[in-house]
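This briefing covers helix packing, aromatic contacts and a few single residues of one protein model. Please keep the structure open while reading.

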Amino acid sequence: MTETLQPHPLLAQLTEAVQGGMPVAIAELGRLVRIPSVSWDGFDAAHVATSAAAVKELLDQLGVFDSVEISRAPIDESRMGQPAILATRAAKNGRPTILLYAHHDVQPPGNAEDWESNPFEPTVRGDRLYGRGAADDKAGVMAHVAAIRAFVETVGDDFNLGLVAFFEGEEEFGSRSFANFLVQHREQLAADVIVVADSDNWDLNTPSLTVGLRGNVTFKLTISTLAHASHSGMFGGAAPDAMLAAITLLATLHAADGSVAVDGLTSRESATPEYSEGKLAHEAALLEGVASIGHGPVLSRLWNQPAITITGIDAPAVVNASNTLTPSVTVKLSARIAPGQSATDAYDALEAHLTAHAPFGAHLEISDVDRGDPFLVETGGWAVAEAKDAMHQAWGVEPLETGIGGSIPFISTLVEIFPDAQILVTGVEDPDSRAHSPNESLHLGVFQRAILTEAVLLAKLESRA
């Protein structure tokens with residue numbers, strides 16, 4: 001990309017269309033946020049179905065798709081996945097087809113008292129819209145919808161570009177039917193370019209194209225030492241309780257500096273932009289005096305090295321604690337895998353480490369295993385150049401190519417099913433969006449620039465023979 005920006009001939013009209021459509025886009029996003037479409041087990045699946053119907057209505061109203069349907073694919077022989085929306089429009093006159101992906105399901109809200117406003121009541125404070133899913137990823141859904149609307153307003157509805165919209169309903173619960181959905185709808189989903197709108201931007205004023213994602217391995221680990229609870233006074237000090245075994249075992253996963261200490265989990269060498277310890281402390285909300293962990297440049301730790309987090313523990317609650325030795329403890333282990341290593345190899349390394357380090361002969365049981373491979377974008381393709389140029393035009397500054405510490409495991413499935421498609425990972429989030437956390441929010445300026453970016457990209461692809 002040259003330093004001198006060459007505006008797209010339709011940039012002014014697209015900008016006007018996006019600006020004019022913002023009140024409607026924000027209102028429509030608010031209506032989606034009000035639907036508590038949590039896809040996890042234990043939550044009412046009817047809300048996900050309601051969300052799917054609302055998103056289908058938005059796509060129907062655009063009036064440009066040949067078909068818009070709600071579809072579900074099986075997870076396995078006994079379970080069906082959550083409803084997804086699939087809309088298609090065939091390409092004409094040699095134009096490419098672009099697939100626009102986002103997901104309409106959301107994370108659980110967590111504790112209501114941790115929110116400054118109702119998580120399912122969209123609330124504008126300053127330049128931000130607050131609510132569960134306001135950023136991740138109902139804003140991704142609405143960025144696609146609003147970009148198509150601005151594009152059609154500018155070029156008319158008799159365009160040649162092929163369009164596919166695929167809005168998933170269970171990304172936050174592991175995309176468990178995703179692979180089956182792709183196989184089931186392979187012909188409808190086939191595209192030259194796939195835009196996955198589920199990532200973030202460098203800051204409020206600088207866009208980024210995500211070119212590397214860590215993979216993930218998650219599972220439940222149960223550590224058991226006793227057949228039943230025993231009196232802690234009568235047997236404590238001689239009989240090992242499961243909590244002691246769990247603490248001892250989990251401590252072996254990390255070195256003294258907090259870096260991962262599991263043989264077989266690999267790292268990757270790659271240059272990263274400058275990112276200070278102070279920036280980390282601010283964006284990760286470190287308490288006063290708390291130091292970072294690991295070694296090497298901060299972004300290398302976040303993008304190119306493995307990480308292990310214990311995200312949950314099932315053990316006696318403090319309020320119900322009795323003077324007994326706990327027989328079993330179950331934890332949820334979440335590992336992020338550096339690009340370049342398969343999730344299967346990473347799981348094998350974790351299992352071998354835990355087995356080898358189980359203290360006192362403790363019994364281990366691993367269950368509910370999920371694996372997702374890391375992903376590296378091939379940055380030499382024409383679609384990457386077009387996307388970066390569209391970002392430059394919409395934001396007025398050069399975009400960055402960045403990694404991300406999070407995982408989007410299904411991208412490796414997209415690569416497997418559609419090996420010839422060029423994949424672009426974009427997003428509407430920023431470092432203060434707090435996706436998955438209380439007080440999740442969307443910066444409305446970033447939202448507008450993300451919509452304009454995609455509208456410009458659609459216009460560029462429309463003129464690409």
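The model is predicted. Helix α13 (residues 444-462) is a convenient place to begin, with its axis coming within 9 Å of the axis of helix α1 (residues 11-33) and within 8 Å of that of α3. Aromatic pairs come next, 10 in count, followed by two arginines placed over tryptophan rings and by notes on backbone and surroundings.

**Helix packing around α13**

- The axes of α1 and α13 cross at roughly 130°. This angle makes α1 oblique to α13, since it falls outside the 65 to 115 degrees of a roughly perpendicular pair and is not over 145.
- The crossing in which α1 passes α13 is right-handed. On the α1 side the contact is made by Leu11, Leu14, Thr15, Val18, Gln19, Met22, Ala25, Ile26 and Leu29. On the α13 side it is made by Leu444, Phe447, Gln448, Ile451, Leu452, Ala455, Val456 and Ala459.
- The axes of α3 and α13 cross at roughly 50°, and the two helices are therefore oblique to each other.
- α3 and α13 also have a right-handed crossing. Here α3 contributes Ala139, Met142, Ala143, His144, Ala146, Ala147, Ile148, Ala150 and Phe151, while α13 contributes Phe447, Ile451, Glu454, Ala455, Leu458, Ala459 and Glu462.
- Which residues of α13 take part in both contacts? Phe447, Ile451, Ala455 and Ala459 are listed for the contact with α1 and again for the contact with α3.

**Aromatic pairs and cluster**

- The number of aromatic pairs comes to 10. In one of them, Phe166 and Phe178 have ring centres 5.7 Å apart, which is within the 6.5 Å limit for a pair. Their planes stand at 35°, so the pair counts as tilted.
- Phe166 belongs to strand β6 (residues 162-168) and Phe178 to helix α4 (residues 178-184), so the pair ties together parts that are 12 residues apart in sequence.
- Phe166 counts as buried, at 2% relative accessibility. Phe178 counts as buried too, at 3%.
- Both residues belong to one aromatic cluster, formed by Tyr101, Phe166, Phe178, Phe181 and Phe410.

**Arginines over tryptophan rings**

- Arg449 lies over the face of Trp395, 4.9 Å from the ring centre.
- Arg464 lies over the face of Trp382, 3.8 Å from the ring centre.

**Backbone geometry in loops**

- The peptide bond from Asp136 to Asp137 is cis, with omega near 0°. Asp137 sits in the loop between β5 (128-130) and α3 (138-155).
- Ala285 has a positive phi, near 60°, although it is not glycine. Ala285 is located in the loop between α8 and α9 (298-303) and is exposed, with a relative accessible area of 56%.
- Arg434, another residue other than glycine, has a positive phi near 55°. Arg434 is placed in the loop between β17 (422-429) and β18 (441-443).

**Surroundings of single residues**

- Is Asn201, in the loop between β7 (193-200) and β8 (208-213), buried or exposed? Asn201 counts as buried, at 4% relative accessibility.
- Beyond its neighbours within four places in sequence, Asn201 is in contact with Thr206, Pro207, Ser208, Trp395, Gly427, Val428, Glu429, Asp430, Pro431 and Val446. Among these contacts, Trp395 is the residue whose ring face lies under Arg449.
- Thr218 is part of strand β9 (residues 215-224) and counts as buried, at 12% relative accessibility. Leaving out residues up to four places away in sequence, Thr218 touches Lys332, Leu333, Ser334, Asp368, Val369 and Asp370.
- Gly278 is found in helix α8 (residues 277-283). With a relative accessible area of 49%, Gly278 is partly exposed, as the exposed class begins over 50%.
- How far apart in space are Gly278 and Val262? Their C-alpha atoms are 28 Å apart, and the two residues are 16 apart in sequence.

Methods
Residues numbered from 1 in each chain as written. Predicted model: local features only at pLDDT ≥ 70, side-chain atom pairs only at ≥ 80, totals over all residues. Heavy atoms only, no water. Phe/Tyr/Trp six-rings, centres within 6.5 Å; stacked < 30°, edge-to-face > 60°. Helix = DSSP H or I, 4+ residues; strand = E, 2+ residues; numbered from the N terminus. Buried < 20%, exposed > 50% of the residue type's maximum accessible area, 1.4 Å probe, protein only. Lys NZ or Arg CZ within 6 Å of the ring centre and 35° of its normal. Axes fitted to C-alpha atoms, helices over the stretch in contact; angles between N-to-C directions. Parallel < 35°, antiparallel > 145°, perpendicular 65-115°, else oblique. Left-handed = near helix turned anticlockwise from the far one by under 90°. Contact = heavy atoms within 4.5 Å.
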